[in-house]
Amino acid sequence: MSALFEPLSLRSLDLAHRGWVSPMCQYSCDPDVAPGVPTDWHLMHLGSFATGGAALILTEASAVNPAGRISPRDAGLYNDDQAAGWQRVIDFVHRHGTAETKIGVQLAHAGRKAATYWPFSGEQGSVPASDGGWETVGPSPLAFDGFAVPTEMTEQQIHGVIDDFAAAAVRAVDTGFDTVELHGAHGYLLHQFQSSLINQRSDAWGGDEAGRNRLTLAVVDAVRAVIPDGMPLLLRLSATDWAPGGVDLPATVRLAHQAREQGVDLIDVSSGGAVRHQQITPGPGYQTGFSATVRREAGVATGTVGLVTSAGQAEHAVASGQADGVFLGRAALRDPHWWLRAAFELGVELPWAPQYERAAARHSF
């Protein structure tokens with residue numbers, strides 16, 4: 001019996017198993033034609049995971065307002081055109097998913113890390129206004145190394161972002177997403193407020209740990225209030241900034257516990273991204289220990305992510321109680337049918353798309 005391929009229910013959402021797709025930015029929207037609107041690339045990219053047996057697919061970080069995009073080529077969910085673009089993807093996943101696949105949207109705001117060049121542009125740093133860039137915002141006027149200095153957010157702007165997260169969540173529900181994840185990690189806006197390396201405010205949105213966590217928890221409250229009771233709410237957190245004086249694992253446990261109390265159903269545990277001088281020590285499954293600690297000490301379901309590549313690794317993470325599910329990133333890009341392969345290796349039968357049944361009949365990879 002495989003722990004990885006056991007079903008899991010989060011509120012009213014029933015997942016066929018615990019192998020999931022991590023949010024991965026594709027930088028493939030066309031800013032000149034339809035800013036923030038998913039394209040055929042997104043349909044192919046996410047659809048391939050549905051036919052490959054994933055139980056849950058999370059979209060790339062989708063901005064809650066135009067200024068929240070990481071780059072001009074990033075997706076959003078702040079207007080009707082974007083919702084219509086996502087609708088095509090959702091319909092495909094629900095129609096053709098081989099494991100009763102569910103799909104969720106990751107809602108995000110990039111804060112001081114917004115308005116940057118996309119990775120395969122050949123350029124680095126902030127995009128100038130003449131090339132489609134915009135003024136960025138953050139908790140304090142401190143730049144991410146190599147990027148433009150952001151404008152410190154006013155009280156009105158902070159409340160506006162909270163409202164934007166809630167409005168995007170309403171669109172997510174209306175569009176047909178099965179769940180919503182809030183991006184509170186990787187040095188983006190919510191994480192920027194959490195980290196004392198970035199947030200140097202002295203008002204109620206900064207200062208001590210409670211003040212720095214206030215925005216994240218306010219967004220949790222705002223989104224939980226507008227999505228159905230039966231829809232689970234996920235929250236991605238960076239367990240550590242990998243830098244002295246920043247977010248650490250005990251602080252993440254405390255935030256995760258409070259988020260659970262306010263209606264978050266699963267913490268997607270990652271790490272890093274706040275500052276360039278981070279000192280990460282990666283290795284196979286290097287973040288599973290963070291997930292295990294958050295799961296145990298905060299009493300909340302967790303997903304783990306990061307250099308989990310094999311069926312055996314994923315199985316161990318779930319069977320040993322390190323996580324309730326495993327998010328795959330690069331491994332899924334290398335093999336969009338990873339879950340079908342993993343099921344075969346672990347002696348589990350997963351349904352195949354009928355168009356691919358002739359491959360399944362050989363019972364061999």
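# Close-up views of a predicted model

**View 1. The largest pocket and its lining.** The volume of the largest pocket is about 1,400 Å³. This value, like the others in these legends, comes from a predicted model. The pocket is lined by 47 residues. Nearest its centre lie Cys25, Tyr27, His186, Tyr188 and Arg330. Two elements, β12 and α9 (330-334), each give at least two residues to the lining of the largest pocket. With 4 residues, α9 supplies the largest share of that lining.

**View 2. The largest cavity.** Rolling a probe the size of a water molecule over the atoms shows where empty space is left. Searching the whole structure gives 2 cavities of 30 Å³ or more. The largest cavity has a volume of about 50 Å³. Among the residues that line the largest cavity are Ala61, Ser62 and Ala63. Gly68, Arg69, Ile70, Asp74 and Ala75 also line the largest cavity, as do Ala108, His109 and Ala110. Tyr188 is one of the lining residues of the largest cavity, and Tyr188 is also listed among the residues nearest the centre of the largest pocket. Strand β4 (residues 56-63) gives the largest share of the cavity lining, 3 residues.

**View 3. Strand β11 and its two neighbours.** Strand β11 spans residues 301-305, and 5 of its 5 residues are buried. Ala301, Gly303 and Val305 point one way from β11, while Thr302 and Thr304 point the other way. Residues on both sides of the strand are buried.

Strand β10 (residues 266-270) runs parallel to β11 and is joined to β11 by 4 bridges. In this pairing, Ile267 stands opposite Thr302. Strand β12 (residues 325-328) also runs parallel to β11, with 3 bridges joining the two. Here Val305 of β11 stands opposite Phe327.

**View 4. Two β-α-β units that include β11.** One right-handed β-α-β unit is made of β10, helix α7 (residues 288-298) and β11. Another right-handed β-α-β unit is made of β11, helix α8 (residues 311-319) and β12. The strand β12 in this second unit also supplies at least two residues to the lining of the largest pocket.

**View 5. The surroundings of His42.** His42 lies in helix α1 (residues 40-51). Is His42 buried or exposed? Its relative accessibility is 0%, so His42 counts as buried, the cut-off being under 20%. Apart from neighbours within four places in sequence, His42 is in contact with Gln26, Ser28 and Cys29. The other contacts of His42 on this list are Gly47, Glu60, Trp86 and Val89.

**View 6. A salt bridge between helices α2 and α3.** Side chains of opposite charge can pair when their charged atoms come close. Arg171 and Asp80 form a salt bridge, and their closest N and O atoms are 2.6 Å apart. This pair links distant parts of the chain, 91 residues apart. Arg171 belongs to helix α3 (residues 155-175) and Asp80 to helix α2 (residues 80-96). Arg171 is partly exposed, at 24% relative accessibility, whereas Asp80 is exposed, with a relative accessible area of 57%.

**View 7. A salt bridge between Asp203 and Arg201.** The closest N and O atoms of Asp203 and Arg201 are 2.8 Å apart in this salt bridge. Which of the two partners is buried? Arg201 is buried because its relative accessible area, 8%, is under the 20% cut-off. Asp203 is partly exposed, with a relative accessible area of 31%.

**View 8. A salt bridge between helices α5 and α6.** Arg254 pairs with Glu209 in a salt bridge whose closest N and O atoms are 2.9 Å apart. The two residues, 45 residues apart, link distant parts of the chain: Arg254 is in helix α6 (residues 249-261) and Glu209 is in helix α5 (residues 209-224). Both ends of the pair are partly exposed: Arg254 has a relative accessible area of 46% and Glu209 one of 24%. Elsewhere, Arg11, Arg224 and Asp265 are joined into one network by salt bridges that share partners. The count for the model comes to 11 salt bridges.

Notes
Residues numbered from 1 in each chain as written. Predicted model: local features only at pLDDT ≥ 70, side-chain atom pairs only at ≥ 80, totals over all residues. Heavy atoms only, no water. Salt bridge = Lys/Arg side-chain N within 4 Å of Asp/Glu carboxyl O. Buried < 20%, exposed > 50% of the residue type's maximum accessible area, 1.4 Å probe, protein only. Contact = heavy atoms within 4.5 Å. Pairing = 2+ DSSP bridges. Right-handed = clockwise from strand over helix to strand, strands pointing away. 1 Å grid on protein atoms, 1.4 Å probe; cavity = no way out; pocket = protein on both sides within 12 Å on 5 of 7 lines; lining within 4 Å. Points joined across faces, edges and corners; volume = space filled by probe spheres on them.
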